[in-house]
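The exercises below are meant to be worked with the model open in a viewer. Each one sets a task and then follows it through step by step.

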Amino acid sequence: MGILNITPDSFSDGGRFLRFDNALFQAEKMLEEGADIIDVGGESTRPGAQLVSTEEEMYRVLPLIEKLKAKTGAAISVDTSKAEVMRGAADLGVDLINDVRALQVEGALKAAVDSGLPVCLMHMKGKPKNMQENPSYEDLFSEIINFFKERVSDCIQAGIAPENIILDPGFGFGKTAQHNLALINRLSEFEALNKPLLVGLSRKSTIGLIEKNTTDRLIASVVGAVMAVQNGASIVRVHDVAQTVSALAMARAVTTEGKGL
Ligand code: 7PM
């Protein structure tokens with residue numbers, strides 16, 4: 001899954017068109033590099049980030065989804081927590097709803113059910129505003145697993161098909177570096193839930209402990225992605241598609257002892 005974040009906008013329309021074209025170019029590049037899904041997001045969930053209005057978020061993501069659907073036929077996911085954005089994206093033929101708030105915002109669960117689309121439910125402890133202020137757990141894995149069990153049960157109850165649910169432990173969302181590293185190392189503990197797992201660790205701050213400069217986080221991010229897949233992840237959400245695809249191809253060649261070559 002390639003990440004396509006639409007950054008905040010200036011007031012000038014020139015800027016908006018430029019950003020739109022740039023985003024389109026990025027998406028096409030990621031598809032050429034081997035991405036299977038493009039994840040389009042218009043809200044920054046960075047710790048302490050400003051909330052984005054529904055109107056602004058729709059304005060950022062919907063035209064892009066529409067254009068991508070028309071131009072590429074690639075699978076598109078929409079990274080949103082807002083019911084209106086989910087509905088708008090579903091009307092445009094989006095393929096997956098990716099929600100860092102796990103459909104807990106007012107109206108989101110209903111919108112997801114009505115869409116009939118697969119959903120990714122992510123674990124977050126706290127809110128983006130304060131989630132990185134000393135996150136603590138009595139037991140990291142059992143807390144996340146219990147959260148998943150409750151959300152899966154609520155989603156199925158509401159009408160989402162069990163086979164349409166993907167789970168994500170939420171790397172960096174209310175977790176210390178040690179928590180994040182434990183999540184990759186013991187990701188297989190989530191396999192008992194029998195759902196596909198999605199992991200997003202690309203360029204995040206834990207990677208930053210290994211490589212300070214954001215521009216130098218490529219190799220560390222790729223190693224994390226490979227280890228996540230080795231430990232059971234079905235989808236990795238990444239910025240650097242070509243390099244991740246290459247690394248995963250090598251890892252698969254080894255584990256299949258070259259059968260696919
Ligand atoms: C600023 C800071 C912008 C952080 C974007 C981010 C995940 C996600 C994000 C994830 C799933 C990023 C994050 N992270 N969706 N959306 N899992 N399912 O680093 O880990 O891309 S936003």
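**Exercise 1. The ligand and its polar partners**

How far is a nitrogen atom of the ligand from an N or O atom in the side chain of N98? Find this distance in the predicted model, and then describe the other residues around the ligand.

Solution. Step 1: select the ligand and the side chain of N98; the separation between a ligand nitrogen and an N or O atom of that side chain is 2.7 Å. Step 2: turn to D168, where a polar side-chain atom lies 2.6 Å from a nitrogen atom of the ligand. Step 3: look at R237, whose side chain places an N or O atom 2.7 Å from an oxygen atom of the ligand. The ligand on its own has 490 Å² of accessible area, and the protein covers 91% of that area.

Step 4: widen the selection to the 15 residues around the ligand, of which D79, N98, D168, K204 and R237 come nearest. Sorted by class, this shell consists of five nonpolar, five polar and five charged residues.

**Exercise 2. N98 and D79 within the protein**

Place N98 and D79 in their strands, decide whether each is buried or exposed, and trace their side-chain polar contacts.

Solution. Step 1: N98 belongs to strand 4, which runs over residues 96–99, while D79 belongs to strand 3, residues 75–79. Step 2: compare the relative accessible areas with the cut-off, which calls a residue buried under 20%. N98 has 3% relative accessibility and therefore counts as buried, and D79 is also buried because its relative accessible area is 12%.

Step 3: examine the polar contacts between side chains. N98 makes one with D39, at 3.2 Å, and the side chains of D79 and R237 are joined by another, of 3.2 Å. Step 4: list the contacts, leaving aside neighbours within four places in sequence. For N98 they are D39, S77, V78, D79, T80, C120 and R237; for D79 they are D39, V40, G41, G42, E57, N98, V100 and R237. D39 and R237 thus appear in both lists, and N98 and D79 are in contact with each other.

**Exercise 3. Helix 8 and its surroundings**

Describe the span of helix 8, its buried residues and the elements against which they pack, and then examine A220 as one of those residues.

Solution. Step 1: helix 8 covers residues 218–230, and its 13 residues reach 18 Å from the first C-alpha to the last, which is close to the 18 Å expected at 1.5 Å a residue. Step 2: its buried residues are A220, S221, V222, G224, A225, V226 and A228. Step 3: these residues pack against helix 6 (177–185), strand 7 (197–199), helix 7 (205–210), strand 8 (233–236) and helix 9 (241–255).

Step 4: take A220, which lies in helix 8 and is buried because its relative accessible area is 18%, with the cut-off at under 20%. Not counting residues up to four places away in sequence, A220 touches I207 and I210. The C-alpha atoms of A220 and S202 are separated by 8.6 Å, with the two residues 18 apart along the chain. Step 5: go past the end of the helix to G232, which follows helix 8 and has a positive phi, near 120°.

**Exercise 4. Helix 3 and the loop between strand 4 and helix 4**

Find what covers the buried residues of helix 3, and then locate positive phi values in the residue after this helix and in A102 and L103.

Solution. Step 1: within helix 3, residues 83–91, the buried residues are A83, V85, M86, G88 and A89. Their cover includes helix 2 (54–72), strand 3, strand 4 and helix 4 (108–115). Step 2: the helix is followed by G93, with a positive phi near 90°.

Step 3: move to the loop between strand 4 and helix 4, where A102 and L103 are found. A102 has a positive phi of about 55° although it is not a glycine, and L103, likewise a residue other than glycine, has a phi near 60°. Step 4: check accessibility against the cut-off of under 20%: A102 is buried at a relative accessible area of 0%, and L103 counts as buried at 2%.

Definitions and conventions
Residues are numbered from 1 along each chain as its sequence is written. This is a predicted model: local features need pLDDT of at least 70, side-chain atom pairs count only at pLDDT 80 or more; totals for chains, interfaces and linings use all residues. Side-chain values use heavy atoms; hydrogens and water are left out. Helices (H or I, at least four residues) and strands (E, at least two) are DSSP runs, numbered from the N terminus. The expected span of a helix is 1.5 Å times one less than its number of residues. Buried means under 20% relative accessible area, exposed over 50%, partly exposed in between (1.4 Å probe, protein chains only). Contact means heavy atoms within 4.5 Å. A residue is near a molecule or strand if one of its heavy atoms lies within 4 Å of it. A polar contact is a pair of N or O atoms within 3.5 Å; within protein, one must be able to donate a hydrogen and the other to accept it, and residues adjacent in sequence count only if both atoms are side-chain atoms. Accessible areas come from the Shrake-Rupley method with a 1.4 Å probe; for residues, only the protein chains shown count as cover. Ala, Val, Leu, Ile, Met, Phe, Trp, Tyr, Cys and Pro count as nonpolar, Asp, Glu, Lys and Arg as charged, and the others, Gly among them, as polar.
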